[in-house]
Amino acid sequence: MDTTVPGIQFDKRGECNFCAVHDHMDQAFPLGEAGKRKVQEIAADIKQLGKGKKYDCVLGVSGGRDSSFTLWYCVVKLGLRPLAVHFNDGFGNPVAGENMIKACRKLGVEMRTITSDWRESKDLKIAFLKASTPDMEEGTDVGIATALYGVAAKEGIQRIIIGQSFRTEGIAPLTWNYLDGKYLKAVHKRFGTVPLRPWKADDPGFHLDIPQMFYYAFIRRIKTVTLLYHVDYVRADVDELLERELDWVNPGAHYFDDLYQSVIYYLNRTKFNIDRRLFNYSALVRSGQMSREVALERVSHVNKIEDEKVINLCIKRLGLTREEFEQIVASPPKTFRDYPNNYALIRQLRWPIKVLSRLNLIPESAYDKYFNCGT
């Protein structure tokens, strides 16, 4: 992590605030015997709440390494009965799609795909290109979350399992990836052309503002569980397991279960001077899963996820010519602060958000994301 990262601060020892966040979370979510006990507690809670129901949890899947391992672990190691939920916005990698189908078939898990309204999804992607912020995946990020909450509400399920880990992914700097339902609506209002369909509890669409989060967390009592926070999950050891157990095939790069990541990484590098690998690899270095020398060598090269053929395919799928695309993205860089958002309110709710994060009523990383990863 270096000074290209907004909000980074170094102490007298030369250690940054992102390392401090990692160390704090490492203590808050220990591995070893304590982690194993916590995983068993989580599994027991999920099984108790799921008694008499067809499913005891909702589990988000993408066909990538992290979610595929989480699905395998929940079924094989914990004996859970998940309903696998995938959000499809039209940019999925076919290799990842096959991974999901094979995994669910082998594990005897039902998979439900929530397909977004293509007009809305495409319109939001173009709107965020026009907004000229790094949050080009805002619609998809919100769509994934609402797909999970919507299915949980429809099926009466109170636990959502997410296959993420701060030890292998890190936490993105705030201005590199800001998630906020009000912000999405503001950008859509200014640049969008297709009306968003109204919110329904079991069909939320692209609506996930504070009222919706309150409904899911407090009325429906739905909690999110980042299971890998408590599991000794080593990425380098997982591929062989997944290939053997699930016939899993590597989609080509981390996050490449989503083809639109080619566009995102390309624009991050050429327009915003952002390399998301900085916080991803830093997490792996801190966790002892990658050497600093290897990480520095890799970031000295353009990420292989930037595939020109895939970039052109995505642009075409948006209904744009390359010339139209380049004209849109030529506008000066901005951040979420240039549009209406909830950040000021979130700052005022610092302590309630901390409590909600610790109770899993919102994702466990939410507090650190909004208060310790840039301002």
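This is a short talk on the cavities, salt bridges and cysteines of one protein chain.

Hi everyone, thanks for coming. What you have in front of you is a predicted model, so let me start with confidence. The mean pLDDT over the chain is 93, and 99% of the residues reach at least 70. If we go element by element, β1 comes out highest with a mean of 98, while helix α18, residues 366-371, sits lowest with 81.

Let's go inside. How many cavities of 30 Å³ or more does the structure hold? There are 3, and I'd like to walk you through two of them.

The largest has a volume of about 90 Å³. Two elements each give two or more residues to its lining, namely α1 (17-28) and α12 (277-286). Helix α1 has the largest share, with 4 residues. If you want to find the place on your screen, look for Phe18, Val21, His22 and Met25, which are among the lining residues. Then add Phe279 and Arg286, also part of the lining. The remaining lining residues are Met1, Phe166, Gly170, Ile171 and Cys373. By class, that makes 8 nonpolar, 2 polar and 1 charged.

Now the second largest cavity, with about 40 Å³ of space. Here α3 (65-77) and α4 (94-107) each bring at least two residues to the lining. The largest share, 4 residues, belongs to α4. Please keep Cys104 in mind from this lining, since we'll come back to that residue; its companions include Asn99, Met100 and Ala103. Ser67, Ser68 and Leu71 line this cavity too, and so do Val61, Ser62 and Gly63. The class split here is 5 nonpolar and 5 polar, with no charged residue.

On to charges. As a reminder, side chains of opposite charge can pair when their charged atoms come close. Searching the whole structure gives 22 salt bridges, and I've picked three to show you.

My first pick is Arg159 with Asp45, where the closest N and O atoms are 2.7 Å apart. This pair ties together distant parts of the chain: Arg159 belongs to strand β4 (residues 159-161) and Asp45 to helix α2 (residues 32-49), a separation of 114 residues. Are the partners buried or exposed? Arg159 has a relative accessibility of 9%, so this arginine counts as buried. Asp45, at 31%, is partly exposed.

Next, Glu110 and Lys54, with 3.6 Å between the closest N and O atoms. Again distant parts of the chain are linked, this time 56 residues apart: Glu110 lies in the loop between α4 and β3 (111-115), and Lys54 in the loop between α2 and β1 (57-60). Glu110 is partly exposed at 30% relative accessibility, whereas Lys54 is exposed at 62%.

The last of my picks joins Lys125 to Glu137, with the closest N and O atoms 3.5 Å apart. Lys125 is in helix α5 (residues 118-131), and Glu137 is 12 residues away in the loop between α5 and α6 (138-155). In this pair, Lys125 is buried, with a relative accessible area of 3%, and Glu137 is buried as well, at 9%. There is also a network to look at: Lys54, Glu110, Arg112 and Glu155 are joined into one by salt bridges that share partners. You'll recognise Glu110 and Lys54 there from my second pick.

Finally, the cysteines. How many disulfides does the structure hold? The count is 0. Why does Cys19 have no bond to Cys16? The sulfur of Cys16 is the closest cysteine sulfur to that of Cys19, but the two are 4.1 Å apart, which is too far for a bond. Cys19 counts as partly exposed, at 23% relative accessibility.

And here is Cys104 again, from the lining of the second largest cavity. Cys104 takes part in no disulfide, and the nearest cysteine sulfur, in Cys74, is 12 Å away. This cysteine is buried, with a relative accessible area of 4%.

To pull it together: we have looked at two of the 3 cavities of 30 Å³ or more, three of the 22 salt bridges, and two cysteines in a structure with 0 disulfides. Thanks for listening, and I'm happy to take your questions!

Technical notes
Residues numbered from 1 in each chain as written. Predicted model: local features only at pLDDT ≥ 70, side-chain atom pairs only at ≥ 80, totals over all residues. Heavy atoms only, no water. 1 Å grid on protein atoms, 1.4 Å probe; cavity = no way out; pocket = protein on both sides within 12 Å on 5 of 7 lines; lining within 4 Å. Points joined across faces, edges and corners; volume = space filled by probe spheres on them. Nonpolar A, V, L, I, M, F, W, Y, C, P; charged D, E, K, R; others polar. Salt bridge = Lys/Arg side-chain N within 4 Å of Asp/Glu carboxyl O. Buried < 20%, exposed > 50% of the residue type's maximum accessible area, 1.4 Å probe, protein only. Disulfide = S-S within 2.5 Å. pLDDT = per-residue confidence, 0-100.
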